[in-house]
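Thanks, everyone. I have one structure to show today, and I will keep it short.

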Amino acid sequence: ILMVRRPGTLSNPQFWAEDGVVYFQNQVVFGLWGTIFKLHGGYVTVLQRLIAAFAGLFSPRFAPLLYTVGGGVIGALCCTIFFLPWFRHIIRSDALRLSCCVLMATAIYSRELVGNLVNTQWFVLVAGILLVFRDVPKAPGRRKWQMAACWAGLGATAAPTMPLLLIVMPFS
């Protein structure tokens with residue numbers, strides 16, 4: 001739904017704002033390890049830099065397309081996360097949760113937010129807040145430790161991408 005709302009996203013991919021002048025350029029000049037924790041605008045953009053590093057594995061002519069697809073996939077995942085069973089304690093009806101996900105994908109102003117790396121942080125913010133309040137299933141012994149490590153890794157990647165998530169971290 002997100003990508004259809006912005007025609008030309010896949011047929012004519014282009015860098016948007018800092019996609020080219022910051023993420024692409026830094027990836028070409030410094031590589032992943034030189035930029036992964038480099039500040040931009042006063043905060044660390046780990047998620048965007050990881051996608052830039054992935055795109056760096058391919059020819060530079062594919063970079064705008066890979067950035068667009070990466071931004072679209074992140075946006076889509078963040079819009080659909082509320083449909084997971086973890087959120088039945090908030091809204092029991094699967095149909096109503098699905099409606100909320102569709103509403104989020106259709107109500108967002110798509111011209112600047114969809115299909116670019118720069119603005120994926122806003123989608124990550126919504127998903128991050130939801131994940132803080134997820135219903136955590138009980139896991140046995142060793143699996144419990146593995147799940148905790150997985151969530152800690154996800155939080156360590158997402159939180160620096162959107163500084164507002166640091167506010168909700170104590171709740172998790």
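I will go through one helix, its neighbours and the core around it. Keep in mind that this is a predicted model.

The helix is α4, residues 63-80. Start with its length. At 1.5 Å a residue, its 18 residues should span 26 Å, and the end C-alpha atoms are 26 Å apart, so the two agree.

Next, burial. The buried residues of α4 are A63, P64, Y67, T68, G70, G71, G72, I74, G75, C78 and C79. What covers them includes α1 (2-5), α2 (18-35), α3 (46-55), α5 and α7 (120-132).

Take α5 from that list. How do α4 and α5 pack? A helix pair is described by the angle between the axes and the distance between them. Here the angle is about 145° and the axes are 8 Å apart, with α5 covering residues 94-107. On the α4 side, C78, C79 and T80 make the contact; on the α5 side, C101, M104 and A105 do. By class, that contact has five nonpolar residues, one polar and no charged ones.

Now the core. In soluble globular proteins, nonpolar side chains tend to be buried together. The largest nonpolar core in this model has 32 residues, and Y67, C79 and F123 touch the most other members. Elements giving two or more residues to this core are α2, α3, α4, α5 and α7. The biggest contribution, six residues, comes from α7.

Last, F123. Which residues does F123 contact, leaving aside neighbours within four places in sequence? They are L2, G75, C78, C79, M104, I108, L113 and V114. Of these, C78 and C79 also appear in the contact of α4 with α5, as does M104.

Key. Residues numbered from 1 in each chain as written. Predicted model: local features only at pLDDT ≥ 70, side-chain atom pairs only at ≥ 80, totals over all residues. Heavy atoms only, no water. Axes fitted to C-alpha atoms, helices over the stretch in contact; angles between N-to-C directions. Helix = DSSP H or I, 4+ residues; strand = E, 2+ residues; numbered from the N terminus. Contact = heavy atoms within 4.5 Å. Nonpolar A, V, L, I, M, F, W, Y, C, P; charged D, E, K, R; others polar. Expected span 1.5 Å × (residues − 1). Buried < 20%, exposed > 50% of the residue type's maximum accessible area, 1.4 Å probe, protein only. Core = buried A, V, L, I, M, F, W, Y, C linked by side-chain atoms within 4.5 Å.
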